[in-house]
Amino acid sequence: MNRLKEKYHKEIVPALCKQFQYDNIHSVPRVTKVTVNTGIGRIVKDDKLIKRIELDLAKITGQKASVRNAKKSIAGFKLREGTPVGYMVTLRGTRMYDFIDRLISLALPRTRDFQGLSSDAFDHAGNLSIGIKEHNIFPEVSYESLKDIFGLQITVVTSAGSKEKGLALLMLMGFPIKS
């Protein structure tokens, strides 16, 4: 069993039951999925770079990325309907816990001038959204792909239902959230 999943069942569930007076352990908030997105806006015509982004995203998440296409044409952006505009990966289960563990313990501390995540990054439903400017904070990225750096948007979706409960859940999981 993953160490973060084990920590959730042994430490976090009892702590949240005590803090929010849950009678049933199944009503305790949990992380349901993690989505990782990246856009390929300006580099649509560079096939080699797009393949490298796709491979790096697969290395980082441990899962193949799916292509996201434009839903409608926008002449100002020289964008046509059906053109690839980004990649997305949705993680659940064991891969999700592995990714969160690597994000908390390895990637975020390697971020330049990292002070912690803002509590404003939570929405009203208790989900956390993180923007990462450089994908090279993940140790899986190889040295030859460092010349083409891209950003990521990571969303941690919880079943908390409120900002307060989501914040408590992710703080107990080990997310470095500043008050």
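Which residues does Phe-20 touch, not counting residues up to four places away in sequence? They are Glu-164, Lys-165 and Ala-168. The model is a predicted one. Its five-strand sheet is open and antiparallel. Helices α3 and α4 both pack against that sheet. The largest nonpolar core has 48 residues.

**Phe-20 and its surroundings**

- Phe-20 is in helix α1, which spans residues 3-20.
- With a relative accessible area of 14%, Phe-20 falls under the 20% limit and so counts as buried.
- The charged end of Lys-165 sits over the Phe-20 ring, 5.9 Å from the ring centre.
- Ala-168 is 148 residues away from Phe-20 in sequence. In space, their C-alpha atoms are 9.9 Å apart.
- Lys-165 and Ala-168, two of the contacts of Phe-20, have numbers that fall in α4 (163-173).

**Aromatic pairs**

- How many aromatic pairs does the model hold? The count is two.
- Phe-20 and Tyr-22 form a tilted pair, because their planes meet at 55 degrees, with the ring centres 6.2 Å apart.
- Tyr-22 is buried, at 17% relative accessible area.
- Phe-99 and Phe-138 make a stacked pair. Their centres are 5.8 Å apart and their planes differ by 25 degrees.
- Phe-99 belongs to helix α3, while Phe-138 is in the loop between β5 (128-132) and β6 (152-158). The pair therefore ties together parts that are 39 residues apart in sequence.
- Phe-99 is buried, with a relative accessible area of 0%. Phe-138 is buried too, at 1%.

**Sheet**

- The strand order is β2-β3-β1-β6-β5.
- Why is one side of β2 and of β5 left without a neighbour in the sheet? These two strands stand at the edges and have a single partner strand each, so one side stays unpaired.
- From one strand to the next, the twist averages 25 degrees.
- β2 and β3 are antiparallel and share four bridges. Asn-69 has Pro-84 in β3 as its bridge partner.
- β1 and β6 are joined by six bridges, again in the antiparallel sense. Thr-35 stands opposite Thr-155 of β6.
- β5 and β6 run antiparallel, with five bridges between them. Ile-130 faces Ile-154 of β6 as its opposite residue.
- β6 is mostly covered, as six of its seven residues are buried.

**Helices on the sheet**

- Which strands does α3 lie across? They are β1, β3, β5 and β6.
- α3 runs at about 65 degrees to β1.
- α4 touches β1, β5 and β6. Its direction makes about 110 degrees with that of β6.

**Nonpolar core**

- Which residues have the most contacts inside the largest nonpolar core? They are Val-34, Leu-103, Phe-138, Leu-170 and Phe-175.
- The elements giving two or more residues to this core are α1, β1, α2 (47-61), β3 (84-91), α3, β5, β6 and α4.
- α3 supplies the largest share of the core, with eight residues.
- Leu-103 touches Leu-108, Pro-109, Ile-130, Ile-132, Phe-138, Ile-154 and Phe-175, leaving aside neighbours within four places in sequence.
- That list includes Ile-130 and Ile-154, the two residues that stand opposite each other where β5 meets β6.
- Phe-138 appears in several roles: it is a contact of Leu-103, a ring partner of Phe-99 and one of the core residues with the most contacts.

**Positive phi in loops**

- Most residues other than glycine have a negative phi.
- Gln-21 has a positive phi of about 55 degrees, although it is not a glycine. Gln-21 is in the loop between α1 and β1 (31-39).
- Is Gln-21 buried or exposed? Gln-21 is exposed, because its relative accessibility of 61% is over the 50% limit.
- Asp-113 also has a positive phi, near 55 degrees. Its place is the loop between α3 (93-110) and β4 (117-118).
- Asp-113 counts as exposed, at 68% relative accessibility.

Key: Residues numbered from 1 in each chain as written. Predicted model: local features only at pLDDT ≥ 70, side-chain atom pairs only at ≥ 80, totals over all residues. Heavy atoms only, no water. Buried < 20%, exposed > 50% of the residue type's maximum accessible area, 1.4 Å probe, protein only. Phe/Tyr/Trp six-rings, centres within 6.5 Å; stacked < 30°, edge-to-face > 60°. Lys NZ or Arg CZ within 6 Å of the ring centre and 35° of its normal. Contact = heavy atoms within 4.5 Å. Core = buried A, V, L, I, M, F, W, Y, C linked by side-chain atoms within 4.5 Å. Pairing = 2+ DSSP bridges. Axes fitted to C-alpha atoms, helices over the stretch in contact; angles between N-to-C directions.
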